Amino acid sequence: LQEDKSYAIRLLMNQKALGLFEESPVIGVGTARFTKESTPLVLPAVLQYARQDHFDSKSAHNSYLGFLAEGGLLAAIPFGLLLLTLALKGGSAAFFLVKRGQFWAAGVVAGFVGMSIHMWAVNSLTNSGNWMVYGLVAALIVTAGRLRRAERLGQAA
């Protein structure tokens with residue numbers, strides 16, 4: 001991997017994101033500013049074919065670190081709480097629904113998990129497909145909650 005330029009660029013962009021975050025940890029550098037900002041980087045040998053300004057215009061290659069650099073803690077904490085809520089409540093709701101034969105719920109959570117992992121390697125947080133998946137997990141949570149209430153009311157009667 002030390003000789004792979006693509007991998008080295010991804011690591012370099014992670015370094016840039018963390019550097020930008022260190023410079024402005026609370027509010028970040030601003031929305032869509034990642035490719036317009038610069039911070040001192042240590043270029044690995046495999047990338048020394050170009051100067052830093054060549055790499056400054058590249059995307060973050062990591063949705064989470066790019067978002068952290070652009071929005072700082074002010075944006076990253078609420079987003080992290082959203083992801084944590086969707087993961088925990090969505091997983092629990094899917095388990096509940098699958099036990100009742102609603103196997104589609106497992107597919108929704110599998111899509112969420114796969115997409116979340118993939119976003120470590122691609123900067124795609126502004127893609128509407130991501131937010132569609134987040135909405136599907138939220139709908140899954142609401143659906144499970146309604147079914148739980150209906151079951152409780154049915155048992156109480």
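**Close-up 1. Trp131 and its ring partner.** Trp131 counts as partly exposed, at 39% relative accessibility; that label covers everything between buried (under 20% relative accessible area) and exposed (over 50%), using a 1.4 Å probe and protein chains only. This is a predicted model, where local features need pLDDT of at least 70, side-chain atom pairs count only at pLDDT 80 or more, and totals for chains, interfaces and linings use all residues. Residues are numbered from 1 along each chain as its sequence is written, and side-chain values use heavy atoms, with hydrogens and water left out. Which residue forms an aromatic pair with Trp131 at 6.2 Å centre to centre? It's Phe79, and the pair is tilted, with 50° between the planes. (Rings of Phe, Tyr and Trp, the last by its six-membered ring, pair if their centres lie within 6.5 Å; planes under 30 degrees apart are stacked, over 60 edge-to-face, and the rest tilted.) This pair links distant parts of the chain: Phe79 is in helix α3 and Trp131 in helix α5 (residues 128-156), 52 residues apart. Helices here are DSSP runs (H or I) of at least four residues, numbered from the N terminus.

**Close-up 2. More rings around Phe79.** A search of the whole structure turns up seven aromatic pairs. One of them is Phe67 with Phe79, also tilted, at 5.1 Å centre to centre and 55° between the planes. Phe79 is buried, with a relative accessible area of 9%, while Phe67 is partly exposed at 25%. Zoom out a little and ring pairs link Phe67, Phe79, Phe112, Trp131 and Tyr134 into a cluster.

**Close-up 3. The bent helix α3.** How far apart are the end C-alpha atoms of α3? They are only 30 Å apart, although α3 has 36 residues and a straight helix would reach 52 Å at 1.5 Å a residue. (That expected span is 1.5 Å times one less than the number of residues.) Look at Gly72: α3 bends there by about 130°, the angle between axes fitted to the seven residues ending at that spot and the seven starting there.

**Close-up 4. Just ahead of α3.** Asn62 caps the N-terminal end of α3, with a side-chain oxygen 2.9 Å from the backbone nitrogen of Tyr64. His61 sits in the loop between α2 and α3 (63-98). His61 has a positive phi of about 65° although it is not a glycine, and it counts as buried at 18% relative accessibility.

**Close-up 5. Ala32 in its loop.** Ala32 is another non-glycine with a positive phi, about 60°. You'll find Ala32 in the loop between α1 (5-23) and α2 (52-56). Buried, exposed or partly exposed? Ala32 is partly exposed, with a relative accessible area of 48%.

**Close-up 6. Salt bridges.** The structure holds four salt bridges, each a side-chain nitrogen of Lys or Arg within 4 Å of a carboxyl oxygen of Asp or Glu. Among them is Arg100 with Glu151, 2.6 Å from N to O. That pair joins distant parts of the chain, from the loop between α3 and α4 (104-118) to helix α5, 51 residues apart. Another is Glu37 with Arg33, whose closest N and O atoms are 2.7 Å apart.

**Close-up 7. Charges over rings.** Arg148 lies over the face of Phe96, 4.3 Å from the ring centre. Lys5 does likewise with Tyr49, at 4.8 Å. To count, NZ of Lys or CZ of Arg must be within 6 Å of the ring centre and within 35 degrees of the ring normal.

Key. Helices (H or I, at least four residues) and strands (E, at least two) are DSSP runs, numbered from the N terminus. A polar contact is a pair of N or O atoms within 3.5 Å; within protein, one must be able to donate a hydrogen and the other to accept it, and residues adjacent in sequence count only if both atoms are side-chain atoms.
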